[in-house]
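Biologist: I have a model open on my screen and would like to understand the words people use for it. Could you walk me through the reasoning behind each label?

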Amino acid sequence: MAVNLQQADASSVLEARRIHNQKLARQHDQTRATWFPLTVLGVLLALPLLQLTGNYNYLLHLVLFTASYAVMASGWNIIGGFAGYISLGHAVFFAIGGYFSGVLLARYGISSLLTAPLAGLAAAACGYLVGLITLKVRGPSFIISSIALLMIARILFDHWEFIGGANGLSLPVTDLPVQTAKLPYYYAFVLMAAFTVWATYRIKHSKFGLGLRALSKDEVKAESAGINTRFYKVLAFALSAFFVGMAGAVWGEYLTYLRPNIFLIILVSANLVLMCILGGKGTIAGPVVGAILIVAFNEIFVATLGASEINILATGFVMVLGLMFFPNGVIGTLARKGKLPRVLNWD
Amino acid sequence: MSDLLQVTNITAGYGDGPAILDGARLTVEPGKVHCIIGPNGAGKSTLLKAICGMLTIRKGDVIFKGERLNGLRPDQILRKGICFVPQERALFPKMTVRENLRMGGYVLNDAKLRDRRIDEILERFPVLRERADQHAGTMSGGQQQTLAMARTLIVKPDIVMLDEPSLGLAPKIVQEMFDIMKMMSQEGVTVLLVEQNAMMGLKNSDWGVVLDLGRTLFEGPAEAVLADPRIQELYLGGRKVA
Amino acid sequence: MTDILQILILGLALGGVIALMGSGLSLVFGVMRIVNLAHPSLIICGAYVSYWAFKLWGLDPIATLPIAALIMAAIGVLLYRLMFESQAKSARYSEMTVLLTFALAMIVEGFLGAAFTNTQRVTSPEYATDAFFIGSLFIPKGQLYAGCVSLAIIGALTLFLNYSRLGYAIRATTQNREAAELLGVNVNLISMIAFAIGIGLAGAAGSLVSFVFSFFPAKQWEWIAMLMSVVVLGGMGSVLGTVVAALLLSVIAAFVGTWVGATWSTMTFFLALFVILLIRPQGLFGEKPELA
Amino acid sequence: AETIRIGASLPITGGLSVSGEKHKRGYELCNKLINEAGGILGKQVELIVSDNRSDPATAINQYERFINVDKVDAVYGTFSSRLTFPVGNVLSKYNMVHPVPSGGALRIYAQGYKNLFYFQVNAAEYTGKDVIGLLKEIKDPADAPKTVAVVHADDFFANAIATGLLGQKVIDPANDKEIADLAPGYFKEAGIEVVMEEKWPEEGFNDWLNLANSIKRSGAEMIVGLTASAEEAVQLMRALKTVGASAKLVYLSQGAQTEFIEGVGNDAADGVVIHTTWHKDVPFKSTLAGKPFDNADFVKAFEAEYGVEPDEDSAIPFAVCQGIEQAMVGAGSTDNAKMGEWLHARTKEQPVQTVLGDFSWDDLGLPVEKSHIMTQWQDGKLTFVYPTGQFEGIVPFRYPKSGF
Amino acid sequence: MLEVKNLCKHYGGIRAVDGASFKVEKGSITALIGPNGAGKTTAFNCISRTVVPTSGEVWLDGERIDNLRPHKITAKGLSRTFQISRNLADMTVLENVIVQARCRGFADLFRPAVSAEERDKAMSILDFLGITRIAYEDGHNLSYGQKKLMDLAALLMADPKIILLDEPAGGVNPTLLEEIVGHIRALNAKGLTVLIVEHNMDLIMRLSHRVVVMAHGRVICDGTPDVVRRDPHVLEAYLGGVLEEEAA
Ligand SMILES: Nc1ncnc2c1ncn2[C@@H]1O[C@H](COP(=O)(O)OP(=O)(O)OP(=O)(O)O)[C@@H](O)[C@H]1O
Ligand SMILES: Nc1ncnc2c1ncn2[C@@H]1O[C@H](COP(=O)(O)OP(=O)(O)OP(=O)(O)O)[C@@H](O)[C@H]1O
Ligand SMILES: [Mg+2]
Ligand SMILES: [Mg+2]
């Protein structure tokens with residue numbers, strides 16, 4: 001279909017242009033494999049049946065652990081992935097959630113499984129207030145201010161005698177038998193993870209989510225497009241704090257021990273960031289995939305390398321390799337290359 | 001071979017994306033002004049980027065003074081004598097105007113020569129002289145464009161490739177710009193420019209090229225391009241297309 | 001009165017050391033837009049060089065500073081080639097470096113831990129635990145020397161980056177990589193050199209820190225937050241800002257530590273950061289961002 | 001099973017790694033010796049050590065893994081109070097015998113866990129008793145320190161010691177229940193005035209010179225430094241030296257390691273007193289694999305294995321391992337309930353014998369009637385100066401300290 | 001409709017806008033021209049408040065807007081384009097366009113990002129501008145002209161009352177430009193007010209009802225196109241005798 005201007009007339013050039021454009025146009029697929037997450041959820045809900053055949057507590061523990069991280073990483077993803085504000089201070093909300101429910105449990109005996117949403121709200125309220133201050137700056141300054149937030153919270157919690165100060169607060173242990181002791185927490189985390197993933201999906205595909213993505217790229221442009229960037233990002237921060245706080249609440253009871261230096265360490269936040277980056281920041285499936293991968297790596301390292309500094313070294317290496325070969329995370333990079341399995345495409 | 005630069009049917013694209021250019025040709029003769037026109041997104045800027053080494057060429061050759069340039073880095077190509085001013089003004093926003101000019105002469109090893117030429121330029125463009133110590137990023141659109149253009153005058157290469165030099169310039173300055181280009185070509189610098197201000201561009205050129213669909217559709221003397229009714233209709237806004 | 005003066009002196013002395021550690025970080029960010037989270041761990045690397053030189057041959061850590069800097073710069077070249085080169089072209093390079101250097105910090109920590117264990121080390125030249133006594137006041141020698149040497153290094157490097165041809169090329173490459181390339185800069189080589197300078201600087205700081213603080217691989221986590229807040233407070237990328245912020249905060253922290261309680265002294269750094277973010281988001285000497 | 005499996009999760013990396021690594025050596029050496037002597041109950045012992053990175057969640061995770069996946073027969077405790085606290089909870093849920101090498105805070109034992117056995121001297125809160133005991137050794141009572149400056153890290157263990165010294169209450173914040181009231185405190189009891197009390201944060205503290213300066217200005221005759229790590233002890237001592245502090249006595253809770261003397265220097269370290277549970281020269285008698293195995297044997301074996309002298313951090317886990325071995329043999333099985341019963345049945349006459357001396361426990365799991373060993377740096381060597389009259393090899397207490 | 005009173009924006013010693021005052025009548029197409037660095041873009045920035053003016057007032061429909069946040073101003077029906085296109089990377093062109101549709105605070109959490117009507121409308125605008133093929137392309141991977149067109153499309157999406165165009169023709173192919181001009185005229189006929197900065201004199205003369213000329217941060221001339229093109233100051237400072245040449 002060689003068009004030569006010497007011979008062709010204008011309309012044939014226009015026609016050729018249309019065909020050319022069609023050839024170059026990028027296609028868009030919006031179909032979703034809804035059955036996939038539902039199946040996964042079904043399997044997870046049925047998993048505890050294994051307990052009837054023996055003791056699979058450790059397996060349940062691993063799934064529960066992964067689910068808790070999936071909740072937190074997905075929550076983090078709202079501010080870090082969608083809005084592009086990398087926070088290394090989310091451990092604060094983890095702690096607020098944990099302590100909020102923990103104190104209620106210790107003093108009034110109300111299980112955190114019931115108070116978790118309240119704990120989430122408490123975390124969200126704090127997130128909202130903090131966000132008003134720290135979200136004024138972006139980029140590296142924000143990252144650092146979030147670390148500072150963590151440090152401040154740490155010092156305050158360390159001094160707060162009501163909640164045990166630096167020595168911590170221990171919570172009552174469940175009196176359930178070993179076989180079923182984990183189940184309440186298991187279901188709580190699995191359901192919370194399902195809810196969080198669903199919620200982030202809805203958020204991402206709302207006007208709000210679109211606005212967050214816009215302001216993550218260019219705040220000035222987003223403002224002039226009519227987006228109330230300040231409100232959006234502060235709300236995003238609060239929402240993400242909500243999920244992390246909720247996870248913290250249940251985690252605290254599961255751990256039975258609350259202590260600033262369990263909750264308020266940068267490693268907790270760093271893990272969230274790591275999971276999102278590795279899985280794919282700003283994607284829906286990314287944080288979940290990231291959580292699974294990181295927990296799995298951890299297990300493998302502990303099992304094969306055992307105890308040594310090599311462990312940290314290996315984690316660092318995995319991260320570097322991940323970043324080098326999947327600069328947009330597993331999900332993000334595969335999507336860019338058009339190789340993402342449809343079941344994982346929720347973006 | 002009298003051609004200074006020859007581009008034969010090249011194929012090129014961004015990353016591993018589709019081929020944006022597929023069959024682009026170009027012949028550049030020394031000392032003349034060449035003007036490339038075409039609709040938005042045709043691949044004009046892509047062609048210039050491919051020539052100067054910013055994109056990998058998948059097929060075809062770029063031959064400069066009988067030497068193949070494929071696979072060289074932009075800084076190497078500059079040292080061979082091809083200078084490129086991209087469309088997104090390639091300035092250093094946090095450096096002052098003077099520092100930007102100094103970077104323009106980075107390849108010159110002779111600092112004295114470089115400083116002399118900078119002085120010449122500041123002489124010629126009073127806007128820049130007034131703002132010699134302002135950060136380039138805070139200048140107005142047109143001022144930035146002026147600076148980007150002026151910077152090429154420091155090296156005095158064999159070929160300058162300009163991507164829409166008139167963009168955002170006030171009419172008075174546009175005229176000056178084309179005058180400078182004429183003068184450059186008289187001094188023996190070959191000019192290759194892309195213009196959407198096509199009338200103005202072609203009027204001030206010797207040779208015209210039409211690029212559309214990622215290919216070269218037409219090449220000829222500028223007057224011939226201007227005169228062609230189909231080209232007028234399709235690219236010059238001459239008549240409203242149905 | 002002498003009490004106040006003494007606290008002031010001690011605050012400044014500590015501030016000098018923090019400034020020394022932070023200014024490298026700030027310089028690297030200002031010139032290369034790299035937030036080097038591995039800076040503290042690389043400082044520890046440099047400190048190990050001086051430590052072993054001191055332990056094995058009794059060499060003075062200040063004398064071994066150039067060696068530490070060179071060794072670290074060489075490592076920097078290697079790291080750049082292995083980890084950063086392939087990312088340098090990406091538009092998200094700056095963001096990527098935050099993550100890559102975070103990973104690097106872990107690798108360095110793991111490696112040092114495996115090689116030297118997490119036992120704390122410190123070099124003990126005479127002056128490290130000595131002071132100039134002036135009447136009832138004293139000025140700790142170690143801090144004083146470290147501060148002066150680092151001031152000289154940072155000053156020299158700032159001049160170099162602002163006025164030399166190489167410095168121009170480095171800044172240009174950071175601001176607009178494509179443009180620099182089009183103007184004839186071999187951007188890859190330049191990025192590598194810039195990176196090596198940054199890492200070398202950490203090495204140099206390490207030599208000085210080796211006799212002021214005791215260190216071990218995992219110590220980096222304690223430093224990073226403090227250094228970062230100093231850098232942000234001073235204004236990202238402003239070396240002068242970093243130095244001023246470090247001195248100022250350390251003095252305040254010294255007073256807080258003495259009069260309010262030592263547990264609160266570290267809080268000063270982070271609280272100050274928040275206050276600054278409230279009233280002046282760009283930091284003391286930073287450039288105003290768009291859309292205030 | 002053909003082998004007996006024992007699991008231990010230790011902080012091999014992270015903030016507590018120095019001690020964690022040494023604990024690992026203690027456990028490993030002990031099990032190696034047991035296996036060479038034919039194992040326990042005729043079975044070889046397989047030790048599984050995991051790194052918990054000083055992180056409580058990981059520690060819990062790993063003990064669950066030991067119990068559920070690795071199906072271990074017994075566990076060894078982990079290092080530090082902050083890890084032991086949550087681990088105690090898990091192990092108690094699974095009814096495992098929990099031998100604690102480190103975790104001296106009283107609150108851990110007030111939780112009501114069964115089968116908790118502490119393998120050190122006493123709860124941290126009671127450490128001060130032996131400090132005062134040492135002060136009684138000063139020849140001229142008129143010369144004894146009359147004022148003291150107590151500085152400590154805001155750390156579980158350091159806080160606990162300080163609580164005892166200063167006579168505060170131990171409260172469970174969960175329900176404001178009083179666990180113990182230590183008033184008036186050892187110093188007040190001994191008539192020593194506390195002229196300064198200060199704590200520094202657990203992490204990120206740098207302002208040592210200022211702290212040292214405050215100590216100096218307080219003019220205290222005795223300095224008590226309760227640190228969270230040996231590193232802090234070095235920092236504190238170097239700062240005291242720099243500011244030219246002068247006190248008659250310096251007592252630290254940590255600083256018995258070689259790194260201490262290397263960082264501080266012989267002169268400044270001279271005369272510094274440190275409490276410990278173990279010292280290489282103390283002639284404790286114990287058994288291993290049914291045969292006599294004294295402290296000196298331990299030191300020799302350790303040096304042969306690792307080429308360095310052991311310290312407290314390896315001796316304690318070694319003792320833990322001995323205790324579990326004796327419990328298995330005593331109970332005749334690896335049934336944890338039976339082992340627990342056997343351990344609880346120990347008395348002063350029929351103790352568990354370890355390289356840390358004899359152990360028998362009260363109901364809470366705290367050892368009965370043991371005292372700390374007070375060591376002192378003298379001419380670059382760590383000697384032991386207290387308790388007097390119990391063992392051979394004791395060196396006279398040097399007082400006052402000759403300056404920095 | 002839009003009134004700027006004594007607007008000033010100083011950067012240190014540089015007076016980018018220095019006491020400019022002008023009015024844009026409702027329903028008119030007003031052009032703002034002037035030499036490079038005259039302060040046109042800065043004036044735009046002050047009106048839409050992407051920069052904070054040093055002093056002066058901006059009134060929109062009898063309401064003072066120079067102390068509102070930018071998104072509020074947009075909500076009042078004033079939209080703008082940027083001279084140097086600011087597009088959103090990692091978002092498709094379609095999303096880039098739709099993001100301009102109205103924001104409603106909390107309720108946004110529960111509205112779909114891209115509704116069917118919005119998609120259809122956006123696609124028809126893209127189609128008109130001839131850039132449908134890049135609808136799902138990353139907003140960053142566009143040619144210069146395509147970015148300008150995308151900006152324009154976004155503006156048309158928002159249904160504003162007044163639009164501020166900063167050099168919309170720069171880098172756009174003349175043939176396409178003809179169509180855009182026609183479209184703007186049609187919108188104007190339906191009541192849209194337009195303020196346009198452009199260096200393409202031909203376009204300005206054909207399109208605008210009134211022309212405001214700025215130089216050195218001040219308004220030096222204000223009137224119909226015909227008046228302006230004959231003003232000697234304008235000729236000297238800006239046009240450089242181009243028009244006479246064309247006339248000749
Ligand atoms: N960085 C990039 N990555 C991927 N595709 C790109 C990139 N830049 C441009 N393209 C695509 O290449 C095509 C040609 O772009 P090019 O910039 O060469 O156009 P042009 O002819 O210069 O147009 P204009 O006149 O608008 O500047 C466009 O369709 C665009 O979508
Ligand atoms: N942030 C800033 N700092 C300092 N000077 C600035 C800044 N922004 C703009 N200026 C100066 O203000 C003047 C007006 O700039 P503006 O961008 O408004 O010009 P303009 O009229 O849009 O010109 P053009 O037609 O070239 O786009 C210019 O001289 C410019 O250098
Ligand atoms: Mg182009
Ligand atoms: Mg402008």
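**Reading the labels**

Modeller: Gladly, and bear in mind that this is a predicted model. Let's begin with ligand 1: of the 20 residues around it, the nearest are Lys44(B), Ser45(B), Thr46(B), Gln196(B) and Ser143(E).

Biologist: What makes a residue count as being around ligand 1?

Modeller: One of the residue's heavy atoms has to lie within 4 Å of the molecule. For ligand 1, 20 residues are around it, and the ligand lies between chains B and E. Helix H1 (44–51) of chain B and helix H5 (144–157) of chain E each supply at least two residues of this shell.

Biologist: What makes the approach of Gly41(B) to ligand 1 a polar contact?

Modeller: The cut-off for a pair of N or O atoms is 3.5 Å. A backbone N or O atom of Gly41(B) lies 2.9 Å from an oxygen atom of ligand 1, so the pair is within the limit and counts as a polar contact. From chain E, the side chain of Arg133(E) has an N or O atom 2.9 Å from a ligand oxygen, and a polar backbone atom of Gly145(E) is 2.8 Å from an oxygen of ligand 1. On its own, ligand 1 has 630 Å² of accessible area, and the protein covers 91% of that.

Biologist: How do you know which classes the shell residues of ligand 1 belong to?

Modeller: They are sorted by residue type, with Asp, Glu, Lys and Arg counted as charged. Lys44(B) is among the nearest residues, so Lys44(B) goes into the charged class. The full shell divides into six nonpolar, 11 polar and three charged residues.

Biologist: What makes Ser45(B) and Gln87(B) donors to the magnesium ion?

Modeller: For this metal a donor N, O or S atom must be within 2.8 Å. Ser45(B) coordinates through OG and Gln87(B) through OE1, at 1.9 to 2.2 Å, so both meet the cut-off. Ser45(B) sits in helix H1 of chain B, while Gln87(B) is in the loop between strand E6 (82–85) and helix H3 (97–104), so the pair ties together parts that are 42 residues apart in sequence.

Biologist: Why is Ser45(B) called buried?

Modeller: Buried means under 20% relative accessible area. Ser45(B) has 15%, so the label applies. Gln87(B), at 5%, is buried too.

Biologist: And why is His39(C) called buried?

Modeller: His39(C) has a relative accessible area of 1%, which is under 20%, so His39(C) is buried as well. This residue is found in helix H2 (residues 39–57) of chain C. Leaving aside neighbours within four places in sequence, His39(C) is in contact with Met21(C), Gly24(C), Leu25(C), Gly198(C) and Ala202(C).

Biologist: What makes Lys40(E) a polar partner of ligand 2?

Modeller: A backbone N or O atom of Lys40(E) lies 2.7 Å from an oxygen atom of ligand 2, and 2.7 Å is within 3.5 Å, so this is a polar contact. Gly37(E) has a polar backbone atom 2.8 Å from a ligand oxygen, and for Gly39(E) the distance is 2.9 Å. The protein buries 91% of the 640 Å² that ligand 2 exposes alone. Ligand 2 also lies between chains B and E.

Biologist: How do you know that chain B and chain D do not touch?

Modeller: Contact requires heavy atoms within 4.5 Å. No such contact joins chains B and D, whose nearest C-alpha atoms are 36 Å apart.

Conventions:
Residues numbered from 1 in each chain as written. Chains lettered and ligands numbered in written order. Predicted model: local features only at pLDDT ≥ 70, side-chain atom pairs only at ≥ 80, totals over all residues. Heavy atoms only, no water. Polar contact = N/O pair within 3.5 Å; in protein donor to acceptor, adjacent residues only side chain to side chain. Areas by Shrake-Rupley, 256 points an atom, 1.4 Å probe, with all protein chains shown as cover. Helix = DSSP H or I, 4+ residues; strand = E, 2+ residues; numbered from the N terminus. Donors = N, O, S within 2.8 Å, 3.2 Å for Na, K, Ca; no water. Buried < 20%, exposed > 50% of the residue type's maximum accessible area, 1.4 Å probe, protein only.
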